[in-house]
Each structure stands twice: as structure tokens, then as C-alpha cells.
Amino acid sequence: MSFKEQVAELSKRAIAAQNIALTEEATKNALVMPFLRTLGFDVFDPTQIVPEFIADVGLKKGEKVDYAVKINDRIEFILEAKAVSANLSQAQYSQLYRYFSTTDCSIAILTNGIQVWFFTDLDAPNKLDGNPFFKFDLFDYDDNDLKELEKFHKEKFSIEDIKSSASTLKRMKATISCIEAQFNDPDDEFVRLISKEIHDGKLTAAVVAEFKPIIKRAFEDLVRQKIQKKLSAAFNENVNIPTIKDVDSVTQINDDGDGIETTQEEIDGFNIVRAIGAELADVSRIVMRDQKSYCGINFDDNNRKPIVRLHFNSKTKFLTIFDAEKAGSRFDITQTTDIFKAKAQIQAVIQSYVGS
């Protein structure tokens, strides 16, 4: 069984365990130990896994961290487990901080069996960072997350590679955060940086204020154009996939302020379904109805004629594709353009409505 398949099995186990393994000990047995097995460790071999590991810190004696994990007789990481119901952002994990500085380990892990947070000492040597450099969620992961997680496998473990990856991930998060902030609300300095390339005169406060909404819109249009280009290429370049403006003119997007947000990714998915259905029916008959838990696409704006539901609110994305009998089946995707792979099933259900 591949590593990906093992993690998928662990995810299924977690679904069943989350309502049963309510205590910390139950979580350890049901989820944490299987997680360590997935990483290639023999949980019953004390040369690999040391439960209730004691590392006295100053005057504090006899305190224990749940597991110390060894590779070649060296403690590579320590792990503290909380109950599956615990919110890790609010969990107390002071032992990790204390023990990290008294052992030779380079990685500390905090987990509730479903979410796994990885810490190291990027900010200051031998002092655990306040924030994890990597978070893994058994209910919400993608292939990139799997690649990062596999670096902690016993047979692949390299602290040099992990530290390098941790540094890259930290910088990536900071970069994304910075770009996102400028995308949502470009500051004056950024506006000046762009404006000086296209404005010959003096960049007064009034000029900067004039350029700010233009640059924000340019950001948004650039993203849309790139998505449009990818979608068009995926659908043999001959089909004109509607833009976001076209969507507004032919569908009813929920905008009544009840917390439902129709994302660009959902709009792109809807456009693909319409492009697939365009061979069989007028695209105006294929309508999107966004909901809190999924984005529904129906025929003739009729809830009794469902075509597809887009489940795009997490990293693990999938479709529910209906058949002529209204029975739904799951279709997993990794990117929006994978919807084209379900062309036959989508056209089959649309055809059933066209002929009815």
C-alpha cells in the first residue's frame, strides 16, 4: 500500500473515531499510534517509540511528554497528543517548549489525532518557534501536503531537508500573506511602485489615490485572464467559456447576505459544466445555486433536476454528479479543470433532462 493510500485509510479511521475517541488516551490508541505507524514506526518497539518520555527541566521533575520518536537511537522528534475534540490553537503545550530545549530533537509535534502541527526552531536556535511551520489535517489535505508529510517518514527522514523545507514554507506563507494584502488593498508604496512605470508626471497623493482602484482591478483581471486561458486550453480552445460577467447575466448567485460566498473557483467550475452542457442545451438552462456547504448546478433552475454539486470549500475537492434517477456519486478532483474528465457523466444527466 502506498503512503497516499495509507493516509487515506487513516483519514477514514479518523472519521469513525472522532465521535468515539473523546479522551486523550482513546485518541492516542485510535489515531496517534496509527499515525506513527503510517510514518513507518513500530509503535511497540521502545528503540523507536518511547511513550511517556521524561526529560527533567530545572526544578520541574517527572514531567512527561507523550512520545519521543527515535531514529537510529537518536530522538528526532517529540509528540504531545490532545483529545480529538481539542482545539489545538487553544491547547496548552508548554511541555513541548521545555522538552525541546533539553533534548537533541529538532522537531516537536502537537496533534489531536486529526490535525497535526509541526514545530521547529527557525527563529532562534534550540528555542521552539511559537507557530508551526507545517500543519496537516486528515480531513483537509492535498498532494502537496502529502509530500511534506512523507518527509517525516522513518525511511525518508532527513532533518536537513525538513529544516530547508520548513524555512521555505515559512517564507512562502509570509510572501502569500503579503501578496494577498496588496491584492485586497494595495498600499500607497505599492501603488507608487507600479504607477511610476506608467505615469510620466509627479506622483502626488491625488494621482496615487486615482491609481489605487485601477491597480486593484488590474490584479483581479489578471487572475481572471489566467484562469480563463487555462480553462480554454483544457477545453480544446474552440469553446468560449463565459467570463464572470457572463455568469451574472444568466444565473442566480446567492448574494442575500446570509454568509454564502460564491468563490471564483466555483464560478470557474460552473463555467466548465456549462461548456460541457453547451453541446446539448442552451447554456442559460444550466443554473448555479450556491449553498453554504456546496455549490449546486441545476437544469432549468429546478432543484428537482440536479446536475452537479461542487464541494470546493476545503483542500480535498470533489463533485457529486447525479444520474437520471437523481442518485449522486462522488467524483474526486485535484484542480478545477479535472471536471472535464467527468464530461460523459455530466452530459448523460443533462441529456436525460433535455429529453424529458
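This is a chat about the sheets, helices and a few residues of a predicted model.

User: Start with the sheet that has β1 in it. What is the strand order?

Analyst: The order is β1-β2-β3-β4-β5-β6, in an open sheet of 6 strands with mixed pairing.

User: Which are the edge strands?

Analyst: They are β1 (49-54) and β6 (134-137), each pairing on one side only. From one strand to the next, the twist averages 25°.

User: How do β3 and β4 pair, parallel or antiparallel?

Analyst: Strand β3 (residues 74-81) and strand β4 (residues 107-111) are paired in the parallel sense, over 5 bridges. Within that pair, E80 stands opposite L110 in β4.

User: Which strands does α4 touch?

Analyst: Helix α4 (residues 143-150) packs on this sheet and touches β5 (115-119) and β6. The direction of α4 makes about 115° with that of β6.

User: Next, aromatics. How many aromatic pairs are there?

Analyst: A search of the whole structure gives 10 aromatic pairs. F134 and F136 form a tilted one, with 6.4 Å centre to centre and 55° between the planes.

User: Are F134 and F136 buried or exposed?

Analyst: Both F134 and F136 are buried. They also belong to a cluster linked by ring pairs, made up of F118, F133, F134, F136, Y141 and F152.

User: Which charged residues lie over a ring face?

Analyst: K135 is one, over the face of W117 at 4.2 Å from the ring centre. R330 is another, over the face of F318 at 3.8 Å from the ring centre.

User: F318 is in β10, right? What is its bridge partner?

Analyst: F318 in β10 is the bridge partner of H311. Strand β9 (residues 302-311) and strand β10 (residues 317-322) pair in the antiparallel sense over 4 bridges.

User: And what is the order in the sheet they belong to?

Analyst: That open sheet has 5 strands in the order β7-β8-β9-β10-β11, and the pairing is antiparallel. Its edge strands, β7 (286-290) and β11 (328-333), each pair on one side only. Direction ignored, neighbouring strands are turned by 30° against each other on average.

User: Which helices lie across those strands?

Analyst: Helix α9 (residues 264-277) lies across β7, β8 (295-299), β9 and β10, and runs at about 160° to β7. Helix α10 (residues 343-354) lies across β7, β8, β9, β10 and β11, at about 170° to β9.

User: Changing topic: L36. Where is it found?

Analyst: L36 is found in helix α2 (residues 24-38).

User: Why does L36 count as buried?

Analyst: L36 counts as buried because its relative accessibility is 0%, and the cut-off for buried is under 20%. Leaving out residues up to four places away in sequence, L36 touches F41, V43, I49, Y67, V69 and L79. L36 and H153 are 117 residues apart in sequence, but 8.7 Å apart in space, C-alpha to C-alpha.

User: What about T204, where is its place?

Analyst: T204 is in the loop between α6 (188-195) and α7 (205-234). T204 has a relative accessible area of 31%, so it is partly exposed. T204 and R192 are 12 residues apart in sequence and 9.4 Å apart in space, C-alpha to C-alpha.

User: Last one, α5. How many residues does it have?

Analyst: Helix α5 (residues 159-184) has 26 residues. From first C-alpha to last it reaches 37 Å, close to the 38 Å expected at 1.5 Å a residue.

User: And which residues in α5 are buried?

Analyst: I159, I162, S165, A166, L169 and Q182 are buried in α5.

Methods. Residues numbered from 1 in each chain as written. Predicted model: local features only at pLDDT ≥ 70, side-chain atom pairs only at ≥ 80, totals over all residues. Heavy atoms only, no water. Helix = DSSP H or I, 4+ residues; strand = E, 2+ residues; numbered from the N terminus. Expected span 1.5 Å × (residues − 1). Buried < 20%, exposed > 50% of the residue type's maximum accessible area, 1.4 Å probe, protein only. Phe/Tyr/Trp six-rings, centres within 6.5 Å; stacked < 30°, edge-to-face > 60°. Lys NZ or Arg CZ within 6 Å of the ring centre and 35° of its normal. Pairing = 2+ DSSP bridges. Axes fitted to C-alpha atoms, helices over the stretch in contact; angles between N-to-C directions. Contact = heavy atoms within 4.5 Å.
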